[in-house]
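Subject: A structure for you to look at

Hi there,

Here is the structure I promised to pass on to you. Please open it beside this email and have a look around before you read on.

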Amino acid sequence: TASGARYDMHALTCAHPTAPFGTRLRVTELESGRSVVVTVNDRGPFAKGRIVDLSLAAARRLGIVERGLARVRVERADRRPP
């Protein structure tokens, strides 16, 4: 990863274009309302219109592995969800 950490598909991590490494983000899948807290350890995504890339474990928690893409809200994890 860009942070120097080895990618671990079982860890709750993500790639984000600007959040500092180590930042904890709450990612909420808008259709189901499920959320997961992940730690930023990489840069990306680099595809237009995408705001975060999740590890396999994080995508599984949200139930989006089969779809591959989902509409999500991303916020600092120290903020309480509505």
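Below is what I found, going from the whole chain down to single residues.

Please keep in mind that this is a predicted model.

**The whole chain**

The protein chain is built from one helix and five strands. If you follow the sequence from start to end, you will meet them in the pattern β-β-β-β-α-β. The C-alpha trace spans about 35 × 30 × 25 Å along its principal axes. How does the radius of gyration fit a compact globule? A compact globule of 82 residues would have a value near 12 Å, and the protein chain has 12 Å, so the two agree.

Contacts also tell you how the chain comes together. Taking those between residues at least 6 apart in sequence, 66% join residues at least 24 apart.

**Surface and charges**

About 5,400 Å² of the protein chain is exposed, and 49% of that area comes from carbon and sulfur atoms. Of the 82 residues, 33% count as buried. The chain carries 15 positive and 8 negative charges, and the mean positions of the two sets are 3 Å apart.

**The nonpolar core**

In soluble globular proteins, nonpolar side chains tend to be buried together. Here, the largest nonpolar core has 13 residues, and those with the most contacts inside it include Cys 14, Leu 25, Val 36 and Leu 62. Strand S2 (24-29), strand S3 (35-42) and helix H1 (56-62) each supply at least two residues of this core.

Leu 25 is a nice residue to click on. Which residues does Leu 25 contact, beyond its neighbours within four places in sequence? Among them are Cys 14, His 16, Val 36, Val 38, Val 40, Val 74 and Ala 77.

**Two residues to compare**

Thr 13 belongs to strand S1 (residues 13-15). Is Thr 13 buried or exposed? Its relative accessibility is 10%, and because the cut-off for buried is under 20%, Thr 13 counts as buried. Leaving out residues up to four places away in sequence, Thr 13 touches Asp 8, Val 38, Thr 39, Asn 41, Asp 53, Leu 54, Ser 55 and Ala 58.

Ala 5 sits in the segment before S1. With a relative accessible area of 33%, Ala 5 is partly exposed, since that class runs between 20% and 50%. The C-alpha atoms of Ala 5 and Gly 68 are separated by 24 Å, and these residues are 63 apart along the chain.

Enjoy exploring!

Best wishes

How values were computed: Residues numbered from 1 in each chain as written. Predicted model: local features only at pLDDT ≥ 70, side-chain atom pairs only at ≥ 80, totals over all residues. Heavy atoms only, no water. Core = buried A, V, L, I, M, F, W, Y, C linked by side-chain atoms within 4.5 Å. Buried < 20%, exposed > 50% of the residue type's maximum accessible area, 1.4 Å probe, protein only. Helix = DSSP H or I, 4+ residues; strand = E, 2+ residues; numbered from the N terminus. Contact = heavy atoms within 4.5 Å. Rg over C-alpha atoms; globule rule 2.2 N^0.38 Å. Areas by Shrake-Rupley, 256 points an atom, 1.4 Å probe, with all protein chains shown as cover. Lys, Arg positive; Asp, Glu negative; His and termini not counted. Charge placed at Lys NZ, Arg CZ, Asp CG, Glu CD.
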